[in-house]
Amino acid sequence: MNTDTPEYFSHFEALDHAVNAKFDSAVEQLTELVAIPSIAWEAFDLSQVHKSAEKVASLAQHVGFDSVEILTASYGENQDKQGMPAVVARKEAEAGYPTILLYAHHDVQPVGDLAEWNTEPFTATVQGDRLFGRGAADDKAGVLAHLTAFSVVKDVLGEDFKAGVTLFIEGEEEAGSPSFGQFLKTYKEKLKADAIVVADSSNWKAGVPALTTGLRGLASGVVNVRVGDHAVHSGMFGGPMIDAPTALVRLLASLHNDKGAVAVEGLIHAPEPEVEYEEADFRADSGMLDNVQLAGEGSISSRLWAQPAISIIGMDITPIAESSNTISVQNSAKLSVRLAPGQNPQQAHEAIEAHLHKHSPWGVEVSYTAEDSGQPFSADTSESSIQIALSAMEKAWGIAPVQTGLGGSIPFIADLKEEFPDAHILITGIEDPDTRAHSANESLYIPDFKRAILAEALMVTKFCEKK
């Protein structure tokens with residue numbers, strides 16, 4: 001595909017001019033959206049999520065979608081329980097032209113400890129070339145990138161804007177998307193598309209674009225160890241009777257070998273990624289202490305994107321302030337297991353459970369309860385839609401994009417593939433390694449925000465050609 005020919009992106013100059021003209025307004029609208037604390041967790045004020053959905057719907061109406069709706073879907077055993085509001089806006093395709101679905105989410109993570117923030121979390125603040133605020137990047141920048149790109153294409157193409165565009169802005173992604181699967185089933189006809197752009201990933205670094213072509217899957221669960229039927233005095237029985245925390249720590253240590261690589265049989269590795277993640281960059285991006293060695297074997301990109309990873313993300317154990325000379329007989333730990341592309345989550349749960357029973361120290365009683373599961377994702381980079389996306393990024397940034405994996409998981413990608421198996425999924429990013437999504441001082445690199453809008457406008461324009 002030769003993208004150097006003038007006609008490939010024949011509207012580039014006009015689109016670039018329109019993005020520049022609308023960019024200040026896009027940043028202002030993003031600032032207004034960041035001001036709404038749309039945390040979709042039941043411990044917070046859920047009316048703010050509804051307020052955020054109403055704001056997104058208003059913006060969608062303003063840029064000229066044909067129809068705009070705020071929709072919910074039921075979930076769980078109680079079908080009366082409704083998920084958080086999503087915005088679905090549509091511009092119908094003319095006969096013979098494709099439809100592109102633009103996905104992002106308007107809900108955000110809790111802010112955590114306010115003392116760790118250098119600015120007010122819900123007051124978007126520009127410092128240098130970054131915009132700080134909760135949701136400024138993850139993922140309200142994705143929302144505004146979609147809206148602004150649509151507005152730009154509509155203005156530039158006019159009557160030649162023949163492709164269909166569906167805007168789908170979810171309201172509960174950070175809360176685990178509990179109603180997402182049912183939402184897709186309920187509104188399948190409204191959401192059907194030939195290509196799906198998911199603006200919820202990361203660029204390679206500030207100034208260098210990336211298209212995410214692989215995602216690790218997820219298998220999380222809780223391991224419990226039990227050594228007795230009641231707590232006893234550590235002086236009276238300690239020695240012959242091991243305590244549950246010691247047994248739990250010994251068991252958890254068996255999950256990795258001496259080099260820190262995952263040691264669970266049955267968890268697979270995917271092929272080696274083509275791009276390398278330099279150690280100095282990884283250390284800087286992750287904030288690892290200089291004297292801490294990297295865990296695992298193989299290239300860093302392989303360890304991060306193509307190999308399984310196990311993290312202990314929680315433990316139930318007596319706090320030091322409440323400790324006494326007592327042998328605890330039962331304790332638990334929460335495992336977060338990231339799976340290489342190609343790994344079946346159910347088989348991963350079975351492999352984890354088998355490993356835990358096999359390595360039970362001193363014959364202590366071990367149980368494992370599987371909780372969350374998420375399918376990994378691997379894109380076919382030969383698809384025409386992916387080639388269009390890569391070309392658009394290169395044109396917008398002036399530099400070839402990196403095709404990356406992602407160490408994290410986006411479980412709803414599997415739901416999209418299941419419901420729309422023929423759709424091409426393009427995972428783009430507004431974030432970068434300095435964004436600190438989910439952490440204090442989340443920020444958006446403003447120059448890449450503008451480039452992302454232009455790249456998406458180029459993509460949508462290219463889709464305005466017949467199938």
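**Second largest pocket**

I began with what lines the second largest pocket in this predicted model. Three elements each supply at least two residues of the lining: strand S8 (210-215), helix H9 (300-306) and strand S16 (402-406). I then checked which of them gives the most, and S16 does, with four residues.

Next I looked up the volume, and the space in this pocket comes to about 490 Å³. The lining has 19 residues, and the closest to the pocket centre are Thr213, Glu272, Pro273, Glu274 and Gln403. I sorted the lining of the second largest pocket by class and got 10 nonpolar, seven polar and two charged residues.

**Cavities**

I turned from the pocket to the enclosed spaces. How many cavities of 30 Å³ or more are there? The count is two.

The largest cavity has a volume of about 90 Å³. I noted its lining as Ala145, Ala199, Asn203, Met393, Trp397, Thr428, Gly429, Ile430, Ala452, Ala455, Glu456 and Met459. Helix H11 (384-397), S17 and helix H13 (446-463) each bring at least two residues to this lining. Which element gives the most to the lining of the largest cavity? H13 does, with four residues. By class, I have eight nonpolar residues, three polar and one charged around the largest cavity.

The second largest cavity holds about 50 Å³ of space. I find Met84, Ala86, Phe168, Glu170, Gly171, Glu172, Ser179, Phe180 and Phe183 lining the second largest cavity. Strand S6 (164-170) and helix H4 (180-186) each supply at least two of these lining residues. The classes here are five nonpolar, two polar and two charged.

**Histidine 146**

I picked histidine 146 for a closer look, and it is found in helix H3. Is histidine 146 buried or exposed? Histidine 146 counts as buried because its relative accessible area is 0%, and the cut-off for buried is under 20%.

I listed what histidine 146 touches, leaving out residues up to four places away in sequence: Leu102, Tyr103, Ala104, Leu167, Ile169, Val197, Ala199 and Glu456. Two of those names were already in my notes, since Ala199 and Glu456 are among the residues lining the largest cavity.

**Unusual backbone spots**

I went through the backbone for odd geometry. Which residues does the cis peptide bond join? It joins aspartate 138 and aspartate 139, with omega at about 5 degrees. I placed aspartate 139 in the loop between strand S5 (130-132) and helix H3 (140-157).

I also wrote down two residues with positive phi. Histidine 438 has a phi of about 75 degrees, although it is not a glycine. Asparagine 441, also a residue other than glycine, has a positive phi near 65 degrees. Histidine 438 sits in the loop between strand S17 (424-431) and strand S18 (443-445), and asparagine 441 lies in the loop between S17 and S18 too.

I then looked up how accessible each one is. Histidine 438 has 43% relative accessibility, so I put it down as partly exposed. Asparagine 441 is buried, because its relative accessible area is 9%.

**A three-stranded sheet**

My last stop was an open sheet of three strands, in the order S4-S5-S18 with antiparallel pairing. Strand S4 (125-127) and S18 stand at its edges with a single partner strand each, so one side of each has no neighbour in the sheet. On average, neighbouring strands of this sheet are turned by 25 degrees against each other, direction ignored.

I looked at one pair in detail: S4 and S5 are antiparallel and share three bridges. What stands opposite threonine 125? Phenylalanine 132 in S5 does.

Which helix packs on the sheet? H13 does, touching S4, S5 and S18, and the direction of H13 makes about 65 degrees with that of S18. I had met H13 earlier, as the element that gives the most to the lining of the largest cavity.

Methods: Residues are numbered from 1 along each chain as its sequence is written. This is a predicted model: local features need pLDDT of at least 70, side-chain atom pairs count only at pLDDT 80 or more; totals for chains, interfaces and linings use all residues. Side-chain values use heavy atoms; hydrogens and water are left out. On a 1 Å grid over the protein atoms alone, a cavity is a set of points where a 1.4 Å probe fits but cannot get out, and a pocket is an open set with protein on both sides within 12 Å along at least five of seven lines; lining residues have an atom within 4 Å of a point. Grid points are joined across faces, edges and corners, and a volume is the space filled by probe spheres set on the points. Ala, Val, Leu, Ile, Met, Phe, Trp, Tyr, Cys and Pro count as nonpolar, Asp, Glu, Lys and Arg as charged, and the others, Gly among them, as polar. Buried means under 20% relative accessible area, exposed over 50%, partly exposed in between (1.4 Å probe, protein chains only). Contact means heavy atoms within 4.5 Å. Two strands pair if DSSP finds at least two bridges between them. Axes are lines fitted to C-alpha atoms, for helices over the stretch in contact, and angles run from 0 to 180 degrees between N-to-C directions.
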